[in-house]
Amino acid sequence: MAVVEQIFPALTWRIRHIAMYPEHPYEFVKLENDFEGTHFGIYVDYELTGVVSLFTKGDVGQFRKLAVLPEAQNQGLGKQLMEYLIEFCKVQKLTKLWCNARVNAKEFYTKFGFHETDKTYTADGFDFVIMELIINYED
């Protein structure tokens with residue numbers, strides 16, 4: 001059984017490191033504004049298995065560092081985290097949610113209604129595209 005809960009920022013770092021940047025130093029996965037964000041973790045059998053971080057400015061949110069441990073990927077945990085995150089944004093009355101998506105993961109985000117923008121860049125050996133979701137309150 002998987003459960004999503006709000007978590008302390010530092011709990012995200014281990015999952016981010018293992019799932020996203022294992023070849024980098026541990027400090028690399030810490031964000032300068034981590035303690036200003038809202039962080040969520042998904043627990044499988046009471047073990048923290050995936051994380052996502054939300055940062056808001058006015059009524060716009062940016063999520064960062066969606067990560068699921070490699071051995072638990074392709075089991076719907078990222079999907080569950082995203083669904084929870086979008087519902088949380090609705091409760092917070094946000095109008096837009098966006099992210100810097102790795103190009104090789106953009107199809108995952110389109111399943112939730114995210115649209116590609118024309119803004120792209122490369123960082124740390126990965127190609128990124130900015131994707132946006134206009135939050136629909138009719139759902």
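Two strands pair if DSSP finds at least two bridges between them. With that in hand, here are some close-ups of this predicted model.

**View A. Strand 4 and strand 5, side by side.** Strand 4 covers residues 60-68 and strand 5 covers residues 96-102. The two pair in the parallel sense, over three bridges. Want one to look for? Find G61: its bridge partner in strand 5 is L97.

**View B. Helix 2 against the sheet.** Helix 2, residues 77-91, packs on the sheet. It touches strand 1, strand 2, strand 3, strand 4, strand 5 and strand 7, the last of these being residues 126-134. Compare directions and helix 2 makes about 145° with strand 2.

**View C. The whole sheet, strand by strand.** This is an open sheet of seven strands, and the pairing is mixed. Read across, the order goes 1-2-3-4-5-7-6. At the edges sit strand 1 (2-7) and strand 6 (115-123), each pairing on one side only. Neighbouring strands are turned by 25° against each other on average, direction ignored.

**View D. Helix 1 lying across the strands.** Helix 1 takes in residues 11-20. It lies across strand 1, strand 2 (38-44), strand 3 (47-57), strand 4 and strand 5. Against strand 3, helix 1 runs at about 105°.

**View E. A look at K90.** This residue lies in helix 2. Is K90 buried or exposed? K90 has a relative accessible area of 12%, and buried means under 20%, so K90 counts as buried. For a sense of distance, pick out G41 too: K90 and G41 are 49 residues apart in sequence and 18 Å apart in space, C-alpha to C-alpha.

Conventions. Residues numbered from 1 in each chain as written. Predicted model: local features only at pLDDT ≥ 70, side-chain atom pairs only at ≥ 80, totals over all residues. Heavy atoms only, no water. Helix = DSSP H or I, 4+ residues; strand = E, 2+ residues; numbered from the N terminus. Axes fitted to C-alpha atoms, helices over the stretch in contact; angles between N-to-C directions. Contact = heavy atoms within 4.5 Å. Buried < 20%, exposed > 50% of the residue type's maximum accessible area, 1.4 Å probe, protein only.
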